Amino acid sequence: MAAAQLTGSLISARNLPSFDGLRPSAVKFSPSIVHMIVGGRANRSYTGLVVRAATVVAPKYTSIKPLGDRVLVKIKEAEEKTDGGILLPTTAQSKPQGGEVVAVGEGKSIGNTKVESSVKTGAQVVYSKYAGTELEFNGSKHLILKEDDIVGILETDDAKDLQPLNDRVLIKVAAAEEKTAGGLLLTEASKEKPSIGTVIAVGPGHLDEEGNKKPLSIAAGNNVMYSKYAGNEFKGKDGSDFIALRASDVIAVLS
């Protein structure tokens, strides 16, 4: 069995150069050599392993104004307990993908048209998992990201109520087949991930070259097939699976 071994000294991020108003948070990382040991023998080495940390905004700065079509989101705290009240260790807490919009940019220009942000301050939003730049401001975690990286607005705690933005659609994923064509029961591990579902909600559409919204050709209620590894997946309060993806990732309408 292959094993990975990290060697070398740990360097505190506090020793890195600081910039006026911005400083790296106190997270340790190692620029050490990583040895991949296979069968007790060093097989290959890699250098420059770095753990990225959120930028900390110095207390002397009291506000942040995003530019262009960017927005500033205050990240929702990760759940520390299960629904049954069991405390979760830090490693088991899912990374949040939502928060509150606390500032918006002036928008963007497309041709001669000025397009304002479609999200407003105070909106509760859900965003793509690896989008934006994370920072710490006023003691809380924030994220600066482009409006296009916001999947939708969610004012409740149930994924079925997500209102997709721009050219995205929300789909309720069809249940996985419980049996094979021959009637054999499938285990959870062997059930194929479905790529078919019912459209629950659609966004207002994408912007054309003149900055006008073009409605989507997909409508709520359509049964559709979509690209297998596209979009962002969510779990509803009733256990149903949902996925939010771009309309271009929908490959067929079923009837």
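# Exercises on a predicted model

Ser117 sits in the loop that links strand S11 (113-115) to strand S12 (124-127). The coordinates come from a predicted model.

**Exercise 1. State whether Ser117 is buried or exposed, and find the partner of its side chain.**

Solution.
- Step 1: The relative accessible area of Ser117 is 11%. Buried means under 20%, so Ser117 is buried.
- Step 2: Outside its neighbours within four places in sequence, Ser117 is in contact with Val71, Val104, Gly107 and Glu147.
- Step 3: From that list, take Glu147. The side chains of Ser117 and Glu147 make a polar contact at 3.3 Å.

**Exercise 2. Find the strands that pair with S12, and give a pair of opposite residues for each.**

Solution.
- Step 1: Strand S9 (residues 98-104) is joined to S12 by three bridges, and the two run antiparallel. Here Val125 of S12 has Gly99 opposite.
- Step 2: Strand S15 (residues 150-153) also pairs with S12 in the antiparallel sense, over three bridges. In this pairing Gly152 of S15 stands opposite Val126.

**Exercise 3. Describe the largest nonpolar core: which residues touch the most other members, and which elements give two or more residues?**

Solution.
- Step 1: The core has 15 residues, and those that touch the most other members are Val71, Val73, Val119, Val125, Leu145 and Ile150.
- Step 2: Two or more residues come from each of strand S8 (70-75), S9, S12, strand S14 (140-146) and S15. S8 gives the most, with three residues.
- Step 3: Take Val71 as an example. Beyond four places in sequence, its contacts include Val119, Leu145 and Ile150, and also Ser117, the buried loop residue of Exercise 1.
- Step 4: A separate second core holds 13 residues, among them Val169, Val173, Ile243 and Leu245.
- Step 5: As background, nonpolar side chains tend to be buried together in soluble globular proteins.

**Exercise 4. Give the strand order of the six-stranded open sheet, and explain why one side of S22 and of S24 has no neighbour in the sheet.**

Solution.
- Step 1: The order is S22-S23-S17-S18-S21-S24, with antiparallel pairing.
- Step 2: Strand S22 (232-235) and strand S24 (250-254) are at the edges and have a single partner strand each, which means that one side of each lacks a neighbour in the sheet.
- Step 3: From one strand to the next, the twist averages 40°.
- Step 4: Within this order, strand S18 (residues 196-202) and strand S21 (residues 223-226) form an antiparallel pair over three bridges. Thr198 has Asn223 of S21 as its bridge partner.

**Exercise 5. Characterise the surroundings of Gly197 in strand S18.**

Solution.
- Step 1: Gly197 has a relative accessible area of 3% and is therefore buried.
- Step 2: Not counting residues up to four places away in sequence, Gly197 touches Ile171, Lys172, Val173, Ala174, Asn222, Asn223, Val224 and Tyr226.
- Step 3: Asn222 is 25 residues away from Gly197 along the chain, while their C-alpha atoms are 8.4 Å apart.
- Step 4: Val173, touched by Gly197, belongs to the second core.

**Exercise 6. Decide where the coordinates should not be read in detail.**

Solution.
- Step 1: The chain averages a pLDDT of 77, and 64% of the residues score at least 70.
- Step 2: Residues 1-20 have pLDDT below 50, although the model gives this stretch 38 contacts beyond near neighbours in sequence.
- Step 3: Residues 24-43 stay under 50 as well, with 70 contacts beyond four places in sequence.
- Step 4: Where pLDDT is low, predicted coordinates should not be read in detail.

How values were computed
Residues are numbered from 1 along each chain as its sequence is written. This is a predicted model: local features need pLDDT of at least 70, side-chain atom pairs count only at pLDDT 80 or more; totals for chains, interfaces and linings use all residues. Side-chain values use heavy atoms; hydrogens and water are left out. Two strands pair if DSSP finds at least two bridges between them. Helices (H or I, at least four residues) and strands (E, at least two) are DSSP runs, numbered from the N terminus. Axes are lines fitted to C-alpha atoms, for helices over the stretch in contact, and angles run from 0 to 180 degrees between N-to-C directions. Buried means under 20% relative accessible area, exposed over 50%, partly exposed in between (1.4 Å probe, protein chains only). A polar contact is a pair of N or O atoms within 3.5 Å; within protein, one must be able to donate a hydrogen and the other to accept it, and residues adjacent in sequence count only if both atoms are side-chain atoms. Contact means heavy atoms within 4.5 Å. pLDDT is the predictor's confidence in each residue, from 0 to 100. A nonpolar core is a set of buried Ala, Val, Leu, Ile, Met, Phe, Trp, Tyr and Cys residues joined through side-chain atoms within 4.5 Å.
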